[in-house]
Amino acid sequence: MRLTISLAALALAIMPMAVQAQDGDKKKNEAPAVEAGVPAPNVSVTHHKGVFGGKAISYTATTGETYLKDKDGKPLAAIYATSYVKDGGDRNRPITFLYNGGPGSGSLWLHMGAFGPKRVVLPDAQDDGAPPYPLVDNAESLLDVTDLVFIDPVGTGFSHAIGKKDPKDYWGVSADAKSIAEFIRLWLNDNGRWSSPKYIGGESYGTTRSVALINELEGTYNDIAVNGIILISTILDFGASAEVQGNEMPYILNLPSMATTAWYHKRMGNPPATVAEAAQQARAFATGPYAAALLKGNQLSPQERASVRTELARLTGLSETFVDHADLRVTPGRFYKELLRDQGLSIGRLDTRYTGKDYDAAGEEPDNDPSFYAIDGAYTAAMNSYARDELKYKTDRSYVTIGGVSGWDWKLQGQRGRDGEVYASVAPYLSKALRENSGLKVFVGQGWYDFATPFFGAEYAMSRTGFDPARIQYHYYDAGHMMYVRPDDLRKLSADIRAFISQR
């Protein structure tokens, strides 16, 4: 009897110690795998309401860091992202991952200009001047049809490498895509959204990233199937766009953008009624007589040269003398300076509707891009103010708007040898993804007045062998690279993408 009581007492005495040990192990296992001296990820969660696409939406905003780790759980980099998730826990609701380009740009342009719940208001095709810049509710946000995640790659926004990790390890076409793919996997894990319809989208180099990313997401055995890719101001084929001596393709691909710009500024000879007609006239000439003339080079006959020179001058709004001096090959930089030289103005690169005044009117090319310095101050102020104040994100870091990376590695995964090194194009990744995912569709949005990523370059890249044109939607806008700076085009872009996501 005494032995039984003693054993029971001993068991009772040992049990708390065992439970404590189990609890300690549990806490140890549940603790974040953070390296000594590295704080836990900095995250802020806030709750909001808004009306988007005509629908009242309650949503949760989560802004902050997600750690990318090595196989041993050591943090290597912090990816800063902002997620907007509709309240109610619908795990079948679409989710769209968005980013900008550069490479080296934060996601503030799409976030604060196009699809986030707030947007900054700028004058269209004019300089943004000095602050304050109005921040308003964005009725054109896509939150009525999809949850949204805006991602800043390493070296942009508040994202950064941790400890001794070299951030350059993430600065390349393939390395960057791998890091964003890893972030998406972690986000799906943390939010329980593996079964949700998924969309990825970017602007400018962000379109390059999207196509490299689809190769990382769907090109492995542990793949993530994607419903749609949203390409805004597209650049996929860098070989065809390379402005180097001997490459004739850039002149062909840039000509339609010169024509639409000349049409806008009323410099085109015998102009058609619409910009779309001007673009089509230039496409036909570029792929016909102009391409033939460039390929013939110095074997071009004087009669052909005269004919091509006359039509090229008409379409571009430049003088025949200037076109002749350029040997029928007008570079974009020269075009920006020459078109309105008689007015003492240069035109923009991102958006050729913008004009600026240089130091003098005699230069070869503009001093700067008036369509960039006209908007960058407002977007930078808006992003910092919104993240720090309304989203309650506290950090001593500066938000890197653009220019935070260097030494980008342009080599593509799977392309070896001399030819792969010389000719860079991610377009084959996209055609492969379309062939291997029957549910994948592509949205392409292009501005008529965009010279950073000309619309004909996008059309050329996705009209090659292996692409299914029936699954690619093209939409055109009466603005430039960031077409959403024009209010009418923000509404059109939002409606077009809303329909794209809804047409499942």
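**Exercise 1. Place strand 7 in its sheet.**
Which residue in strand 7 does Tyr 80 stand opposite, and which strands are joined to strand 7 by bridges?

*Solution.*
Step 1. In this predicted model, Tyr 80 stands opposite Asp 152 of strand 7.
Step 2. Strand 3 (residues 75–86) is joined to strand 7 by five bridges, and the two run antiparallel.
Step 3. Turn to strand 4 (residues 95–99). Four bridges join strand 4 to strand 7, and this pair runs parallel.
Step 4. Within that pairing, Leu 98 has Phe 150 of strand 7 as its bridge partner.

**Exercise 2. Sort the side chains of strand 7.**
Which residues of strand 7 point one way, and which the other way? Are they buried or exposed?

*Solution.*
Step 1. Recall the rule: in a regular strand, side chains alternate between the two faces of the sheet.
Step 2. Apply it to strand 7. Asp 147, Val 149 and Ile 151 point one way. Leu 148, Phe 150 and Asp 152 point the other way.
Step 3. Check the cover. Six of the six residues in strand 7 (residues 147–152) are buried.

**Exercise 3. Follow Ile 151 into the core.**
Which residues touch the most other members of the largest nonpolar core? Which helix gives the most to this core?

*Solution.*
Step 1. The largest nonpolar core has 50 residues. Those touching the most other members are Phe 97, Ile 151, Phe 183, Ile 184, Ile 200, Leu 430 and Met 462.
Step 2. Helix 3 (residues 173–191) gives the most to this core, with eight residues.
Step 3. Apart from this core lies another, of 49 residues, including Leu 98, Tyr 354, Ile 375 and Ala 387.
Step 4. List contacts of Ile 151 beyond four places in sequence. Among them are Tyr 80, Phe 97, Leu 98, Ile 180 and Phe 183.

**Exercise 4. Describe Thr 260.**
Why does Thr 260 count as buried, and what does its side chain reach?

*Solution.*
Step 1. Locate Thr 260: helix 6 (residues 249–264).
Step 2. Its relative accessibility is 0%, so Thr 260 counts as buried. The cut-off is under 20%.
Step 3. The side chain of Thr 260 reaches the backbone oxygen of Ser 257 at 3.0 Å.
Step 4. Leave out residues up to four places away in sequence. Thr 260 then touches Val 275, Ala 279, Trp 448, Tyr 449 and Phe 455.

**Exercise 5. Test the span of helix 16.**
What span should helix 16 (residues 487–502) have, and how far apart are its end C-alpha atoms?

*Solution.*
Step 1. Helix 16 has 16 residues; at 1.5 Å a residue they should span 22 Å.
Step 2. The end C-alpha atoms are 23 Å apart, which agrees.
Step 3. Buried residues of helix 16 include Leu 490, Leu 493, Ile 497 and Ile 501.

Conventions:
Residues are numbered from 1 along each chain as its sequence is written. This is a predicted model: local features need pLDDT of at least 70, side-chain atom pairs count only at pLDDT 80 or more; totals for chains, interfaces and linings use all residues. Side-chain values use heavy atoms; hydrogens and water are left out. Buried means under 20% relative accessible area, exposed over 50%, partly exposed in between (1.4 Å probe, protein chains only). A polar contact is a pair of N or O atoms within 3.5 Å; within protein, one must be able to donate a hydrogen and the other to accept it, and residues adjacent in sequence count only if both atoms are side-chain atoms. Contact means heavy atoms within 4.5 Å. The expected span of a helix is 1.5 Å times one less than its number of residues. A nonpolar core is a set of buried Ala, Val, Leu, Ile, Met, Phe, Trp, Tyr and Cys residues joined through side-chain atoms within 4.5 Å. Two strands pair if DSSP finds at least two bridges between them.
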